[in-house]
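This report goes through salt bridges, strand pairing, nonpolar cores and aromatic contacts in turn. The sequence and structure come first.

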Amino acid sequence: MEGTTKHKAVQTDNRNRIYLYIILAVLLLAVVFLLIKLLMGNREINAHLLRNEIFLNENLVYTDNTPGSSEWKWEFGDGSKSKEQSGYYRFRESGTYLVRLTVDGKLQQQFAVVVKDTVPMALTDSIRISGPTAGVTGMQLRLEAEGEANIFEWSFGETGRVDAKGRNAYYTYRSPGRYTVSLQTDKSPVPVYTVLTITEPLTDIGLVDPNAGGQALMDDFKTRLQAIANGANFNTHYYYLVRKYLCNGEKTTAQAQDETGKKNTDFYSYCIGLTFSKNVVIDEVSLTLSPSKCVSLVQVKQHRRQ
């Protein structure tokens with residue numbers, strides 16, 4: 001009898017431990033769920049308009065950098081909408097509008113925008129921004145102002161202040177995102193804008209050893225250009241080539257020859273052109289290396305698939 005009693009006591013203790021473990025597991029899950037809910041519930045929109053008061057012939061520049069966001073809905077108060085993360089919008093009539101942003105179908109923020117009657121803009125179109133439209137964090141980007149002016153002030157959208165002055169502007173982004181770059185000059189009544197898409201540097205892409213031989217380099221170069229022409233991710237292949245072979249020289253001369261003849265341009269402009277072309281086949285790539293082993297000339301033979 002005494003042995004039976006001890007055995008039952010042991011079984012009872014084991015059941016009690018199991019119940020205790022179950023209760024602790026349930027409590028732990030509840031705490032985790034509560035923490036996740038609190039963290040998600042405290043997420044705030046990080047969006048802004050470049051200006052809340054504009055003239056009728058100016059662009060409303062909008063952007064959002066809410067962490068972890070993947071879906072955007074901008075409503076401009078006049079029936080127009082946009083699903084872009086950042087961009088421009090131009091109102092057709094003056095007045096006061098309530099612009100609303102919805103992020104991921106949950107978070108919302110509203111902006112009051114005053115649109116005034118048109119002012120003269122005779123000189124605005126004489127100023128242009130040229131340069132890349134994409135880049136990676138930690139890499140210096142160069143933008144250039146085209147047109148006649150004496151004062152150039154650049155804001156790259158990351159600091160909220162003037163970041164550079166002069167016709168040529170250099171800037172290195174610290175965080176990925178879509179940024180609106182504004183250029184104000186003494187010859188433009190309103191700023192000129194462009195948008196840059198900044199991503200993290202590539203870390204998992206297979207690199208070709210520059211000492212592996214000329215044919216291996218040209219084959220790798222050709223493969224990357226064909227990927228761009230086929231609509232693959234532009235940043236992935238473009239910046240791979242720029243960083244690995246061109247020593248970051250986006251203005252390296254590129255010569256492209258096809259059915260229409262031979263054209264000279266810079267490497268960035270050539271690659272951007274590939275993204276807008278259709279059915280382009282890269283037939284042959286020739287590379288000229290400088291003494292520092294950087295590619296100083298890219299020659300491409302291509303044709304358009306019928």
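## Salt bridges

Glutamate 144 and arginine 142 meet through their side chains in a salt bridge, at 3.5 Å from N to O. The model is a predicted one. Both partners are partly exposed: glutamate 144 has a relative accessibility of 24%, and arginine 142 one of 26%.

The count of salt bridges comes to seven. Another of them joins lysine 116 to glutamate 53, with the closest N and O atoms 2.6 Å apart. Lysine 116 belongs to strand β8 (residues 107–116) and glutamate 53 to strand β2 (residues 53–55), so this pair ties together parts that are 63 residues apart in sequence. Lysine 116 counts as partly exposed at 34% relative accessibility, and glutamate 53 is partly exposed as well, with a relative accessible area of 40%.

A salt bridge also forms between glutamate 84 and arginine 178, where the closest N and O atoms are 3.5 Å apart. This pair, too, links distant parts of the chain: glutamate 84 sits in the loop between β5 (81–82) and β6 (87–89), arginine 178 sits in strand β15 (residues 177–185), and the two are 94 residues apart. Glutamate 84 has a relative accessible area of 44% and is partly exposed. Partly exposed covers the range between 20% and 50%, and the 44% of glutamate 84 therefore falls within it.

The three salt bridges described here are listed below.

| Acidic residue | Basic residue | Closest N to O distance |
|---|---|---|
| Glutamate 53 | Lysine 116 | 2.6 Å |
| Glutamate 84 | Arginine 178 | 3.5 Å |
| Glutamate 144 | Arginine 142 | 3.5 Å |

## Strand pairing

Strands of a sheet pair through backbone hydrogen bonds, in parallel or antiparallel fashion. One open sheet has five strands in the order β2-β8-β7-β4-β5, and its pairing is mixed. Its edge strands, β2 and β5, each pair on one side only. Within this sheet order, β8 stands next to β2, and these are the strands that hold lysine 116 and glutamate 53.

Strand β4 (residues 72–75) is joined to strand β7 (residues 95–103) by four bridges, and the two run antiparallel. Tryptophan 72 stands opposite valine 103 of β7.

Strand β12 (residues 152–155) has two partners to report. Four bridges join β12 to β15 in an antiparallel arrangement, and two bridges join β12 to strand β13 (residues 164–165), also antiparallel. Tryptophan 154 stands opposite leucine 183 in β15 and opposite alanine 164 in β13.

## Nonpolar cores

Which residues touch the most other members of the largest nonpolar core? Of its 50 residues, they are Trp154, Phe156, Phe221, Leu225 and Phe267. Leaving aside neighbours within four places in sequence, phenylalanine 156 is in contact with Leu143, Asp163, Ala164, Ala169, Tyr171, Tyr173, Tyr179, Thr180, Val181 and Leu196. A second core, separate from this one, has 20 residues, among them Val99, Val103, Phe111 and Val115.

Isoleucine 198 lies in strand β16 (residues 192–199). Is isoleucine 198 buried or exposed? Its relative accessible area is 3%, and isoleucine 198 is therefore buried. Not counting residues up to four places away in sequence, isoleucine 198 touches Gly135, Val136, Thr137, Leu141, Tyr173, Ser175, Pro176, Gly177 and Tyr179. Alanine 134 is 64 residues from isoleucine 198 in sequence, yet their C-alpha atoms are 5.7 Å apart in space.

## Aromatic contacts

A search of the whole structure finds 19 aromatic pairs. In one of them, phenylalanine 76 and tyrosine 89, the ring centres are 4.2 Å apart and the planes are at 10°, so the pair is stacked. Phenylalanine 76 lies in the loop between β4 and β5 and tyrosine 89 in strand β6, and the pair thus links distant parts of the chain, 13 residues apart. Both phenylalanine 76 and tyrosine 89 are buried.

Tyrosine 240 and tyrosine 245 have ring centres 6.1 Å apart and planes at 85°, so this pair is edge-to-face. Tyrosine 240 and tyrosine 245 are both buried. They belong to one aromatic cluster, formed by Phe221, Phe234, Tyr238, Tyr239, Tyr240, Tyr245, Phe267 and Tyr268. Two residues of this cluster, Phe221 and Phe267, are also named among the residues that touch the most other members of the largest nonpolar core. Arginine 224 lies over the face of tyrosine 240, 3.9 Å from the ring centre.

Terms used:
Residues numbered from 1 in each chain as written. Predicted model: local features only at pLDDT ≥ 70, side-chain atom pairs only at ≥ 80, totals over all residues. Heavy atoms only, no water. Salt bridge = Lys/Arg side-chain N within 4 Å of Asp/Glu carboxyl O. Buried < 20%, exposed > 50% of the residue type's maximum accessible area, 1.4 Å probe, protein only. Core = buried A, V, L, I, M, F, W, Y, C linked by side-chain atoms within 4.5 Å. Contact = heavy atoms within 4.5 Å. Pairing = 2+ DSSP bridges. Phe/Tyr/Trp six-rings, centres within 6.5 Å; stacked < 30°, edge-to-face > 60°. Lys NZ or Arg CZ within 6 Å of the ring centre and 35° of its normal.
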